[in-house]
Amino acid sequence: MSTVEDRPTTATTGSPREGERRWIGRSVARKEDPKLLAGRATYVGDVMLPGMLYGAVLGSPHAHARIVSIDTSAAEAIPGVAAVLTGAQAAELVNPMPAFCAEPVPQTAVAIERVRYPGEAVAIVAATDRYIAEDACAAIRVEYEVLPAVVDPEAAMAADATRIHETLDSNVAFHRVLDFGDVEGDLARAHTIVRTRARWHRMCASPMETAGAVASWNPFDKSMTVYSNSNFHNFLPWAFAGMLGVSTNRMRMIPCAVGGSFGSKHFITKVLAIAGALTKATGKPVQYMEDRVDNIAANDNVGCDRIYDAELALAEDGEMLGLTLKIVDDYGAYFQFAHGQHGNAMAQPTGPYRIGSLRYDVSCVLTNKVQQGFFRGAGADPGNFVLERLVDKASEVMGIDRAEIRRRNFIAPEQFPFKTPPGNVYDSGNYAAVLDRALELAGIDDWRAEQERMRAEGRYLGIGLATCQERTGYNASEWWFLYDNPPLPATSTPESVKIDVDAMGGVRVEVGCPLWGNSPETVVSQVVAEEFGIDPADVSVTYADSTTGAMSAGPGGSRLTIMLSGATRGAARTIRDKMIRIAAHAMEMDPADVECVDGTFRAKGAPGTSMSMADIGMRAALFFHSTPEDESSGLVAVHTYDHPYSTPPSDDRKDMGAFYPMVSHACHIPIVEVDVETGLVTLRAYYAVNDCGTVMNPTLVEGQIVGGIVQGIGAALMEEYRYGEDGALDTPTFREYLMPSMHEVPEIVVEHLETPSPFTEYGVKGAGEGGRLVAPTAIASAVDDALKPLGVWVDELPMTPERVVNLVQGAGGGS
Amino acid sequence: MKPAAFAYLAPRDLDEALDQLAEHGADARVLAGGQSLVRLMNARLASPAVVVDINRVAGLDALERHNGTLRLGATVRQRTSELSPDVAAHAPLLAEAGAHVAHAPVRSRGTVVGSVAFADPSAELPTALLALDGRVVVRSRSGERTVEADDFFTGPFTTSLAPGEMVVAVEVPVTTAGTGTAFVEVARRHGDLPVCGVAATVTRGDDGRVGATRIALCGAGERPVRARAAEDALTGSDGGTDAVAEAAARASEGLSPIADCHGSADFRRHLARVLTGRALRTAIDRAAGEANDV
Amino acid sequence: MSEVVTPEKVRIRITVNDTAHDLLVEPRTLLADLLRGELELTGTHVGCEQGVCGACTVLVDGAATRSCLVFAAQLDGATVRTVESLAGADGTLHPIQQAFHENHGLQCGFCTPGMLMGACELLERTTAPEPDDVREALGGNLCRCTGYQNIVKSVCAAGAALATERNGQA
């Protein structure tokens, strides 16, 4: 067992108990709501520019084919068609899509010479409306030479498998085995080793709004304006500029309201490249919105697609000793984000347990499928699934109650900060308390009685249990530390906020992140309100475009509330301190004797003399001679909050460093009923106890958790990409790719325990992914529990009716 | 995902509609509720040159009962049928199956006849029509003919309808006392097309034994199909547990189900057996009861 | 076989959010695109164009309707209401919108207009909906953010609020 030697010196220590909080921790209603409710928010599909054209994409019907010829003449002749571009033509206007991988896997937004997955763009069109653009797509004649499709990832690894990229020696784009701790020793020492071969299929984020961009090229000053639902406009704008062939200081990216992302819209280079090529070809603004088929088939929003051979070694008393994970991950046809999802998974592979050693053996395999991107969980989701399945199996095999085996192995509260075998640090937690509360909340004994009663009727009720980590607040090192020689070993994930107080005392905040469906306006307003003692309703919030100098990695990795509260507090404190100095000067007092209470500045303990925000705002704006000598005019501050606690990986990669150290924890207890004849799994109830540190806004955190749980219900029961043997995508619309509806969701009860993070402002941790990080494995556990009389073991998600029936029949039950 | 161009015709009466269909033949599609057709057109899986919108045709929206027959005109909405007291009382299977079709807003536009004419092999209403021994009333400029449901469905999304013809109504014999009906299905998500569904009608004879039985399956073949071996097994039996089990076991005989991402052919055969058993049990219970409780 | 038919534009007179329009539309123009394009009512969102997600739900003659599955040409004489009709010009939220606000019934807001319009129809005919009534009415509307729980809660709360309002007026 390893622990952290010292508290990190770089961390800004939180002050969760500092005074009475008025706004942090309150369920302030969302500031974002009214415009969304009124239908007045501007999503990228709502942007209309004079003369704007509409783009459409002709996708490949084949999974793998050589493009023999493309005839665009009929398409070009259609009235209203402004441009038809093949891959080669688009490549003259925009550059290949930027990639994080070190391997030579070039990727263009429109395929050149060869298509590598069904739906890959072969040609793009701009026309006066989308209908005509699609007419043009239908009129393009493409001759293909169909090549063998590589569909099965394990078969793809064979030396003689059809190669997806000639630039690589093999379809295994990346393979590495990493040992942390004494893996062999722990395996040798073990009393019991439980094993599983687990399958986590690919699913996609499927936000209700697809990805899109409006690009407007000005050929006279060589500038480009882009509206999009990307998140990285204030993080990697230079990368977009490079792709679009625009100098970085002539590129303006404007964020729009975003109709959900769940990780899928970070980079979305494809839609920008398509709109960018078309605006350059036509000289007119072009909107390209994916339709739903584009989004499912060709967006980069597919999550992990893994086969695990995993084993957990335990001592006789149930102590977990070591974990080995051999993973084959089907990355699809390209490798744009490299193995970032495995960097991510490395944050918490051993879960909340004191597991001493870890072997992580990962193969990233290329096949003829759309590439992986990011989807809520981002690599840690299948990791939680597999680990918790192993723990349940150990409980079963060793005859130790499943709550008890967890309790015996939990990292104890006094062991924090806790350094995990791969190097990431967990900040704080009280896992046993969460488990105990969850068992109580669920009323386990009543459900067990109900289970008995139903079994007597031949019905199968199951009670699930999972205790999982939710690593929050990532540092960029996760993208690359699996490489010895990474192409871009970045270490920054900043978040900046600009606050100004105007001459009338009005407080305005400009955030660098976009509105992605979470609540940045509400969060920064709560923090500003806390710091100044004003009402959050009086704070106005706007979104910075890429020309403002804002720094923002935005929402992702459950970081936004952590980072925004840090940035906002920093900027607010800078301004508040300046206002205190100005007030003190005006009131002829020592600044140390002035405090800010309820939006007024007054002598400490002597409320009689005071100045309002407006008094000081006006003084700062117009009365230079009445402010302290070394103060400049105005009240404006930008604060960039960098990652609160991170350390670099060691050169030998024996220690990946701390990169995801704000670690939330949850215990979920779903109750399911399984119809063993039809295979239908019905959720009867769902209980979740969550600890994400200081809860900034309970209602909003609950919203994140419940939403994540329902996505997890989808992962457990419905969501899956399926490809035919020829590589055709069998799930290209919402009629095949199924997400839960209102009918599939039980009442979900959520409670919070709070173990503040020592690393962050106010002690907040993230909560954006926890629901989906826990629910799939918890529901698998419930199905197992339901079918325990039949001896069923769930090791593959989703548990479709057919899979459940096969399990039951395989176990000898059912009809 | 936008439809290809087409000419839009909105006839005001049936003759005008039939003239237009005669003129445009196979180039024309009839648009009623549009909840399936427009979806296909958006995906360009259907690109008719002419769309004949019959929503304004007078007289097609009648839902009437006479001489032991319930007749639903071509623009009777699924929601109307589902909530109709006449349908509930005299063809409860149609109401029960109809409640499984998609969602209320879709049903309030979609029509019963449209679903039948669309002939999706997975859809509920064609299967219910088949189990009810219903008829399809077809009109063209050259006259009217009636097609038994057994003969109407010829393959996936294909029917015995000829170019120039349209379905003006479906008719079902009213379900009388002593007959029980049931519809059960497995859909992966509420409101989705079923992976498999079973519609059953069972009549109790005066001798207490099972008389006429019709079992129709959706999701089990290239068109809605009868489970004739199961029907034969049940007919004349005592309708008890063993008889139902025997009938259910034979429900998959002769089926050649389609396979898709929601279920393999084998799984659909399995469901056909399971759901036939469930549907028969319910239908037999209801046949024994005074009323058809839905 | 027929002569080639020219897809002539169709004249429709349609009332959208209390404004009468006299329009020439292409037959293939979907109601969703008429609203979002020509009428610039971009509050109606398009999620799947297959009638599965319900995001584009508007009221046509009072009935909740997927505007991606209806051609504008079909709507001569129809009355359409979209989300833009709900809030007052002074920014006062409609009681249904207010209930969504108070119960955190939305996150990204993309499915929300469809949910609101579906709820409008439900609350026209049901004064005090139970959660199952809400699921029956809105079960075909997908939301990827909220997990639905707060949407159901919002609609039930809106029902109560509207009932109070109606009683107050009576």
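Buried here means under 20% relative accessible area. By that cut-off, 64% of the 170 residues in chain C are buried. Keep in mind that this is a predicted model. Below is a quick look at chain C as a whole, and then at two spots in chain A: helix α4 and the loop residue A:Asn299.

**Chain C: fold and dimensions**
- Chain C is built from 5 helices and 5 strands.
- Reading from the N terminus, the order is β-β-α-β-β-β-α-α-α-α.
- The radius of gyration of chain C comes out at 17 Å, close to the 15 Å the globule rule gives for 170 residues, so chain C is as compact as a globular protein of that length.
- If you lay the C-alpha trace of chain C along its principal axes, it spans about 60 × 35 × 25 Å.

**Chain C: contacts, surface and charge**
- Take the contacts in chain C with a separation of 6 or more: 58% of them join residues 24 or more positions apart.
- About 6,100 Å² of chain C is exposed, and 47% of that comes from carbon and sulfur atoms.
- Chain C carries 12 positive and 21 negative charges, and the mean positions of the two sets are 4 Å apart.

**Chain A: helix α4**
- Helix α4 of chain A covers residues 130-139 and is mostly tucked under cover, with 9 of its 10 residues buried.
- The buried set in α4(A) includes charged-type side chains such as A:Arg130, A:Glu134 and A:Asp135.
- Also buried in α4(A) are A:Tyr131, A:Ile132, A:Ala133, A:Ala136, A:Cys137 and A:Ala139.
- Where α4(A) starts, A:Asp129 puts a side-chain oxygen within 2.8 Å of the backbone nitrogen of A:Tyr131.

**Chain A: A:Asn299**
- You'll find A:Asn299 in the loop that runs between α9 (292-298) and β13 (306-314) of chain A.
- Buried or exposed? A:Asn299 counts as buried, because its relative accessibility is 3% and the cut-off for buried is under 20%.
- The A:Asn299 side chain makes a polar contact with the side chain of A:Glu290 at 2.8 Å.
- That A:Asn299 side chain also reaches a backbone group, the nitrogen of A:Asn301, at 2.9 Å.
- Setting aside neighbours within four places in sequence, A:Asn299 is in contact with A:Ala211, A:Ser264, A:Ile268, A:Lys270, A:Glu290, A:Asp294, A:Val370 and A:Gln371.
- A:Glu290 therefore turns up twice for A:Asn299: as a polar partner and in the contact list, with A:Asn299 itself buried at 3%.

Conventions: Residues numbered from 1 in each chain as written. Chains lettered and ligands numbered in written order. Predicted model: local features only at pLDDT ≥ 70, side-chain atom pairs only at ≥ 80, totals over all residues. Heavy atoms only, no water. Helix = DSSP H or I, 4+ residues; strand = E, 2+ residues; numbered from the N terminus. Rg over C-alpha atoms; globule rule 2.2 N^0.38 Å. Buried < 20%, exposed > 50% of the residue type's maximum accessible area, 1.4 Å probe, protein only. Contact = heavy atoms within 4.5 Å. Areas by Shrake-Rupley, 256 points an atom, 1.4 Å probe, with all protein chains shown as cover. Charge placed at Lys NZ, Arg CZ, Asp CG, Glu CD. Polar contact = N/O pair within 3.5 Å; in protein donor to acceptor, adjacent residues only side chain to side chain.
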